[in-house]
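Please open the model in your viewer and keep the sequence panel visible. The tour moves from one selection to the next and states what is found at each stop.

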Amino acid sequence: ENLIWFHGASVGELNSIIPIIKNYEKKKSINQILITTTTLSSYEVFKKFNFKKTIHQYYPIDHPILTNSFLNYWKPKIAIFIESEIWPSMFKNLYNKKIPLILLNARLTKKTFKRWNKLNYFSFSIFKRITVAFPQNIETKIYLKKLNTKKIKPIGNLKFAENPEKNSNKFSNNFKLKFKNKKIWVASSTHKNEELFCAKTHIELKKKVKNLLTIIIPRHVHRAKNIAKEIKNLNLKVAFHSSKSKNLNKVDIYIVDTFGETKKFHEIGNSVFLGGSIIKRGGQNPLEAARFGAKILHGPNIDNFKDVYKHLKTFNVSKKINTPKQLASAIKFEKNKTIGIKIKNIGEKILKKTINELDKLINNEFKKT
């Protein structure tokens, strides 16, 4: 059985490899694709794709016996770990079984690097087991080298290349009609306290903008009711996406309390604020919204996507804000489609290069059998 295995921690990592999975689903030489993750939410996302030969499992605990029996059971020809997934016991077992280990879209932050670097002798022994690493930025490339990774090839950040889903035709007309007469902006992947920040922005904007609707997509859906409670205290009217109400006449804040619908809202939002950036979370991925030509707004804490924001800055698409007032004055109600196209092109190039590199490695392994 020619099985290839991808492992990513959660939804973000899973989304970044979907185009690659789609490509390999079509390949006759590959019998099965295994995806492992560590979160329930990523399994929810996975299910939506209805893949034919790709299956999902939860990642085993990183213990020599468990990782060993996992590998004996699945017998992958090649293991592809995404971003910052470094597992000492699994890496050692893969190495002993001569299964090539690829670190794809590798990402090490300064903090993680310092942690590994303290244990340098131990770390060197782990990182040297990586067959090849494809770092997503220069910083990671430098850190990987210092930690004794033997082969490093930069091809760019895969996050630029997310799903080629032609999602817009799935839009019911009702969905678009519902928001047609509204001036909307979107706050995406928000965390605690950020929703109030956005509600205050709404109050500012409301002074000058008629028919304003603020759409909030909390990072954790189960918080929806609490968020609504907080916002109602500001005398704003709240509606939930799940209630499917057609009439949004008097509604101020629209809370998306359902799973996996962010993309639709990114597509209709002309300005998108990305959460996890006012609080100290390091920000969320702005690329999907940017691909749809939205203006991107964020708070000061964007460590997770430094290099992505650098790109967006050069296109003049993104803006940092610190207060609700600043956010209100930065919000625009029209899209910039040409920027969206530029970002898509960067993404397509990176995806093509990535698949080429992986093909070489996979074909090489398949030949051996």
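Select Asp252 and Lys206 in this predicted model: their side chains meet in a salt bridge, with N and O 2.8 Å apart. Asp252 lies in the loop between β9 (238–240) and β10 (253–255), while Lys206 belongs to helix α9, so the pair ties together parts that are 46 residues apart in sequence. Is Asp252 buried or exposed? At 6% relative accessibility, Asp252 counts as buried, because the cut-off for that class is under 20%. Its partner Lys206, at 42%, counts as partly exposed.

Next, select Lys153, Glu357 and Lys360. Salt bridges that share partners join these three residues into one network.

Now select Glu230 and Lys192. These two residues form a salt bridge whose closest N and O atoms are 3.8 Å apart. Glu230 sits in helix α10 (residues 224–232), and Lys192 is found in the loop between β7 (183–190) and α9 (194–206). The two residues are 38 apart along the chain, and the pair links distant parts of it. Glu230 has a relative accessibility of 23% and counts as partly exposed.

Proceed to Lys27 and Asp359. Here, too, the side chains meet in a salt bridge, at 3.4 Å from N to O. Which parts of the chain does the pair tie together? Lys27 lies in the loop between α1 (11–25) and β2 (32–37), and Asp359 in helix α15 (residues 337–368), so the bridge connects parts that are 332 residues apart in sequence. Lys27 is partly exposed at 24% relative accessibility, whereas Asp359 is buried, with a relative accessible area of 17%. Side chains of opposite charge can pair when their charged atoms come close. A search of the whole structure finds twelve salt bridges.

Finally, select the whole protein chain and colour it by secondary structure. The chain contains 15 helices and 13 strands. Its C-alpha atoms fill a box of roughly 65 × 45 × 40 Å along the principal axes. The radius of gyration is 22 Å, which agrees with the value near 21 Å for a compact globule of 369 residues. Buried residues make up 55% of the chain.

Colour the charged side chains last: there are 73 positive and 26 negative ones, and the centres of the two sets lie 3 Å apart. With the surface displayed, the accessible area comes to about 18,200 Å², of which 53% belongs to carbon and sulfur atoms.

How values were computed: Residues numbered from 1 in each chain as written. Predicted model: local features only at pLDDT ≥ 70, side-chain atom pairs only at ≥ 80, totals over all residues. Heavy atoms only, no water. Salt bridge = Lys/Arg side-chain N within 4 Å of Asp/Glu carboxyl O. Helix = DSSP H or I, 4+ residues; strand = E, 2+ residues; numbered from the N terminus. Buried < 20%, exposed > 50% of the residue type's maximum accessible area, 1.4 Å probe, protein only. Rg over C-alpha atoms; globule rule 2.2 N^0.38 Å. Areas by Shrake-Rupley, 256 points an atom, 1.4 Å probe, with all protein chains shown as cover. Lys, Arg positive; Asp, Glu negative; His and termini not counted. Charge placed at Lys NZ, Arg CZ, Asp CG, Glu CD.
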